[in-house]
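Trainee: Could you take me through one part of this model in detail? I would like to look closely at the place where the two chains meet, and then at a few residues elsewhere.

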Amino acid sequence: MTHDAASPPYLQVDDLRVRFNTADGEVRAVDGVSFGLHRGRTLGIVGESGSGKSVTSLAVMGLHDPARTRITGGISLGGRQLVGLSDGDMRKLRGRDVAMIFQDPLSALHPFYTVGRQLVEAYRTHHPDASKAQARQRALDMLDRVGIPQPDRRLHQYPHEFSGGMRQRVMIAMSLMNDPALLIADEPTTALDVTVQAQILDLLADLQREFHSAIILITHDLGVVSQVADEVLVMYGGRAVEHGTVAQVMRGPQHPYTWGLLASIPSLHGDPEVELKPIKGNPPSLINVPTGCAFHPRCAYAMKPEPCAAQVPQLLAVQADGHRVACHLPEPERIRIYTDEIAHVGVAQ
Amino acid sequence: MLRFLIKRLLLGTLTMFAVSLVAFGMFFMLPRDAVATMCVKNCNPERLERVRVELGLKDPLIDQYTGYMKGIFVGRDLGSAQGGYCDAPCLGYSYTSSEEVSDIFARVLPVTLSIVLPAAVLWLGLGIGLGMLSALKRGTVFDRLAIGFSLTGASMQLYFVGGMLMIIFVYTLKILPVPHYTSLWEDPLDWAGGLVLAWVALAFLFSAVYARLSRAQMLETLAEDFVRTARAKGLSKSRAYGRHALRAAITPIVTIAGLDIGGALGGTVITETTFGIQGLGRTAVEAVRLGDLPTIMATVLISAVFIVVANIVVDLLYAVIDPRVRLG
Ligand SMILES: Nc1ncnc2c1ncn2[C@@H]1O[C@H](COP(=O)(O)OP(=O)(O)OP(=O)(O)O)[C@@H](O)[C@H]1O
Ligand code: SF4
Ligand SMILES: [Mg+2]
């Protein structure tokens, strides 16, 4: 967070709210999220299923259906305001300034077109004057760059002829065709084998160094975050509950939900005998979000009814620079609970 | 691709062989006495027996079958009672109308093709267009109207729609002639004028089904990840939907369309009856009524050919569209 603190972040999200109109009522999928991200930095977004991670990233991409979605707040990308932008204008940024890769590369690639054709299309959309040969050359370079052997042969193959890991490399190559300043990866390794996962993560880290892009990495896996991210945003019920550097959030977490997340992952270095403790209860409904702190029905430290069930805790800075936490417990109390009761139980470092 | 093609063709041939066996077996083993049916006067037992021998009905079944198949591929001599030598493709000699069955079909087949093929073009264009558009405009007035149209179309009967069309355009407005068939090569305008009501009626009923199908298919495809990827690449809506989504959504429709067209060619009885046009369908029905076995047999074979060919065409189209089929 101290990185490049003088210049404004490349991506700045301010009080983002995303609501869907559904037959059952209004879904508040994202409810007031703010964060900034500089080029060259990786932000890991973590949280249980349904916490609003994908919805947040799709809002940055401008891919929500405007007919059913209400988006307020601000998303500034390289100085341009994206909220309220017409689809025609947003389209010019998509794939060029901000690109995205998805969880399942098989379903994310078109089954009927060759990989080469899909890569070329990605390039020529934003380089209408480029010749087919230039676009093809770029596709070859990118396939080569992401570590696909014999790219000139692979160019003519269809997605189903690739293995899962190779397909995800193709997706990465496609996202890099136009040298985007921001890359959003929504659970890019969840569908892959563990060994392939590590390779893909290494590749992303390499590419980031080379292209100096900002990366948002969405994942359930805090181990992945500690490996590749610089910063972490923890989401719960559509809100950001903790935000800071990896060191701050992983070694000195101050939000009870983050403690739960850390305790529920298998530790690579910790004692395998120490039992995992999944967080009790279920993620909240986003149509009837619990009053006050959305986590209070599941929080072992909740002070009820006041203030936890009554007031929404704001994401406020703590003493450490850039570390922010949304919890009504006083900071010294949080630090005490963590060091006394939580830290010694198998937590991944 | 070539191997795929050869495999399908072999399979098709095998199917046809099986159909011909079954059809032959069924009709020639029926307890019904074709000769007695056919005979109008002087039907004493000796004469009937002589005719049976002459027609080859006394030969072993297997000889009758090979004779019949030989006729189709190289032609054969049917004997003086049945018009002498019958050139390939010989489908036998009609018991009731004193001509070769192949001549009958040469007459009625173009009629049926003229009814079904243009109608198919109409119903596919209209149905798929409506369905795709209403998927893209889901929830709008256009979508509701399109759904209303398909519900109406799907709940109607051909003879009702056809009758209404004739009452309006032929008898009330008098802007169209009574439906009839003229050869396309003789008079294209009259060909179209005589058949247009049949096309419209068929297209209305079928396009309703296709609109509903295409809409459902397109809605499903729009939710696919690869459509989102297309948008995430920066493609415009029209390109992402018109190219990436449409191509995937249309694949299953091609299958059904092929089979429907194949089926429709073999099943035009209702259309022909409604509009009073003599095609394959009415010929078949009359043959059944009169017990004209060679004509019935040929009808069954030709309808089967339509279906088998439609299947092969569908498989090939599928392979062209979807590389996963082609490359296994
Ligand atoms: N288009 C939509 N219409 C209605 N509700 C939606 C829509 N998209 C997402 N939601 C809801 O918003 C909530 C957040 O979804 P989101 O996909 O962001 O979760 P997530 O954090 O990415 O979870 P996961 O880890 O399972 O991917 C979910 O409850 C989801 O059902
Ligand atoms: S605000 Fe209250 S309920 Fe929410 S996490 Fe903090 S202590 Fe728990
Ligand atoms: Mg998600």
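Mentor: Happily; what follows goes from the interface to one helix in it, then to the cysteines and two further residues.

Please keep in mind that this is a predicted model. Let us begin with the contact as a whole. Chain B contributes 24 residues to it, and chain A contributes 28 residues. Between chain B and chain A an area of about 2,400 Å² is buried, and carbon and sulfur atoms give 57% of that area.

Now for the polar side of the interface. Three salt bridges are found across the interface of chain B and chain A. One of them joins the side chains of Arg239(B) and Glu121(A), with 3.0 Å from N to O. The interface of chain B and chain A also holds 12 residue pairs in polar contact, counting pairs with both residues at pLDDT 80 or more. On the side of chain B that touches chain A, the elements giving two or more residues are α9 (225-232), α10 (237-266) and α14 (323-326) of chain B. Of these, α10(B) supplies the largest share, seven residues. Sorted by class, the side of chain B that touches chain A comprises 12 charged, seven nonpolar and five polar residues.

Helix α9(B) deserves a closer look. How many of the eight residues of α9(B) are buried? Six of them are, so α9(B) is mostly covered, given that buried means under 20% relative accessible area. The buried residues are Phe226(B), Val227(B), Thr229(B), Ala230(B), Arg231(B) and Ala232(B). Their packing partners come from both chains: α1 (53-61), α2 (87-93), α3 (105-108) and α7 (164-176) of chain A, along with α8 (188-222) and α10 of chain B. Just past the end of α9(B), Gly234(B) adopts a positive phi of about 105°.

Next, the cysteines. A search of the whole structure, over all chains, turns up one disulfide. It links Cys86(B) to Cys90(B), with the sulfur atoms 2.2 Å apart. The link of Cys86(B) and Cys90(B) is right-handed, with 115° about the S-S bond. Cys86(B) and Cys90(B) are both buried. In chain A, Cys293(A) has a relative accessible area of 12% and is therefore buried. Cys308(A) is buried too, because its relative accessible area is 8%.

Two residues of chain A round off the tour. Asp31(A) sits in strand β2 (residues 25-37) of chain A. Its relative accessible area is 8%, so Asp31(A) counts as buried. The side chain of Asp31(A) is in polar contact with that of Arg239(A), at 3.3 Å. Setting aside residues up to four places away in sequence, Asp31(A) touches Leu16(A), Arg17(A), Arg19(A) and Gly238(A) as well as Arg239(A).

The other residue, Gln197(A), belongs to helix α8 (residues 194-211) of chain A. Gln197(A) is classed as buried because its relative accessibility is 17%. Apart from neighbours within four places in sequence, Gln197(A) is in contact with Thr189(A) and Leu192(A).

Note on methods
Residues are numbered from 1 along each chain as its sequence is written. Chains are lettered from A and ligands numbered from 1 in the order in which they are written. This is a predicted model: local features need pLDDT of at least 70, side-chain atom pairs count only at pLDDT 80 or more; totals for chains, interfaces and linings use all residues. Side-chain values use heavy atoms; hydrogens and water are left out. A disulfide is a pair of cysteine sulfur atoms within 2.5 Å. Buried means under 20% relative accessible area, exposed over 50%, partly exposed in between (1.4 Å probe, protein chains only). Contact means heavy atoms within 4.5 Å. Buried area is the accessible area (1.4 Å probe) that two parts lose on being put together, summed over both. A salt bridge is a side-chain nitrogen of Lys or Arg within 4 Å of a carboxyl oxygen of Asp or Glu. A polar contact is a pair of N or O atoms within 3.5 Å; within protein, one must be able to donate a hydrogen and the other to accept it, and residues adjacent in sequence count only if both atoms are side-chain atoms. Helices (H or I, at least four residues) and strands (E, at least two) are DSSP runs, numbered from the N terminus. Ala, Val, Leu, Ile, Met, Phe, Trp, Tyr, Cys and Pro count as nonpolar, Asp, Glu, Lys and Arg as charged, and the others, Gly among them, as polar.
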